[in-house]
Amino acid sequence: MAAPGARKYPFFTHPDCEYFPCHEGVDPERFNCAFCYCPLYALGDQCGGKFTYTDFGIKDCTNCTLPHQGDAGIALVNNHWFQIMEMTRKPPQPQQ
């Protein structure tokens, strides 16, 4: 049960997915599949997750379960949303 005044975020679990569970260590009943592809990936080393880099320099999130932890995963993404928006902001156009 959530604390009074706590925000609740929706999530879903897709146990029939051929990849489920894609990360070990998360309770299957609370496994959040909302972020099958993590929107925090683009934040690189600023995402806050448990990741490594491969020998080829590719970010590997295999050991990160943060976005998949029920409501907490959605709250984590929401807390980084402004960083994501800034990354995708259209650059200013030169004035003519």
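**Exercise 1. Work out whether tyrosine 53 is buried, partly exposed or exposed, and find its ring partner.**

Step 1: Tyrosine 53 has a relative accessible area of 45%. Buried means under 20% relative accessible area, exposed means over 50%, and partly exposed is in between (1.4 Å probe, protein chains only). So tyrosine 53 is partly exposed.

A word on what you're looking at: this is a predicted model, where local features need pLDDT of at least 70, side-chain atom pairs count only at pLDDT 80 or more, and totals for chains, interfaces and linings use all residues. Residues are numbered from 1 along each chain as its sequence is written, and side-chain values use heavy atoms, with hydrogens and water left out.

Step 2: Now for the rings. Rings of Phe, Tyr and Trp (its six-membered ring) pair if their centres lie within 6.5 Å; planes under 30 degrees apart count as stacked, over 60 as edge-to-face and the rest as tilted. By this rule there are 2 aromatic pairs.

Step 3: One of them joins phenylalanine 20 to phenylalanine 31, edge-to-face, with 5.2 Å centre to centre and 80 degrees between the planes. Both residues lie in the segment before β1, so this pair ties together parts that are 11 residues apart in sequence. Phenylalanine 31 counts as buried because its relative accessibility is 1%.

Step 4: Tyrosine 53 pairs with phenylalanine 51, again edge-to-face: 5.4 Å centre to centre and 85 degrees between the planes.

**Exercise 2. Find the rings that have lysine 59 over them.**

Step 1: Here's the test: NZ of Lys or CZ of Arg must be within 6 Å of the ring centre and within 35 degrees of the ring normal.

Step 2: Try phenylalanine 51, where lysine 59 lies over the face at 4.8 Å from the ring centre.

Step 3: Then try tyrosine 41, where the charged end of lysine 59 sits over the ring, 5.2 Å from its centre.

**Exercise 3. Lay out the chain and place proline 21 in it.**

Step 1: Count helices (DSSP runs of H or I, at least four residues) and strands (runs of E, at least two), numbering from the N terminus. You get 2 helices and 2 strands, in the order β-β-α-α from the N terminus on. Of the 96 residues, 25% count as buried.

Step 2: Proline 21 lies in the segment before β1 (52-53). Its relative accessibility is 35%, so proline 21 counts as partly exposed.

Step 3: Check the bond before it. From phenylalanine 20 to proline 21 the peptide bond is cis, with omega near -15 degrees. In general, most peptide bonds are trans.

Step 4: Look across to asparagine 32, also in the segment before β1. Its C-alpha atom is 9.8 Å from that of proline 21, though the two are 11 residues apart along the chain. Asparagine 32 has a relative accessible area of 0%, so this residue is buried.

**Exercise 4. Describe the surroundings of histidine 80.**

Step 1: Histidine 80 sits in the loop between α1 (70-79) and α2. Its relative accessible area is 13%, so histidine 80 is buried.

Step 2: A polar atom of the histidine 80 side chain lies 3.0 Å from the backbone oxygen of leucine 76.

Step 3: Move on to tryptophan 81, which belongs to helix α2 (residues 81-88). With 41% relative accessibility, tryptophan 81 counts as partly exposed.

How values were computed:
A polar contact is a pair of N or O atoms within 3.5 Å; within protein, one must be able to donate a hydrogen and the other to accept it, and residues adjacent in sequence count only if both atoms are side-chain atoms.
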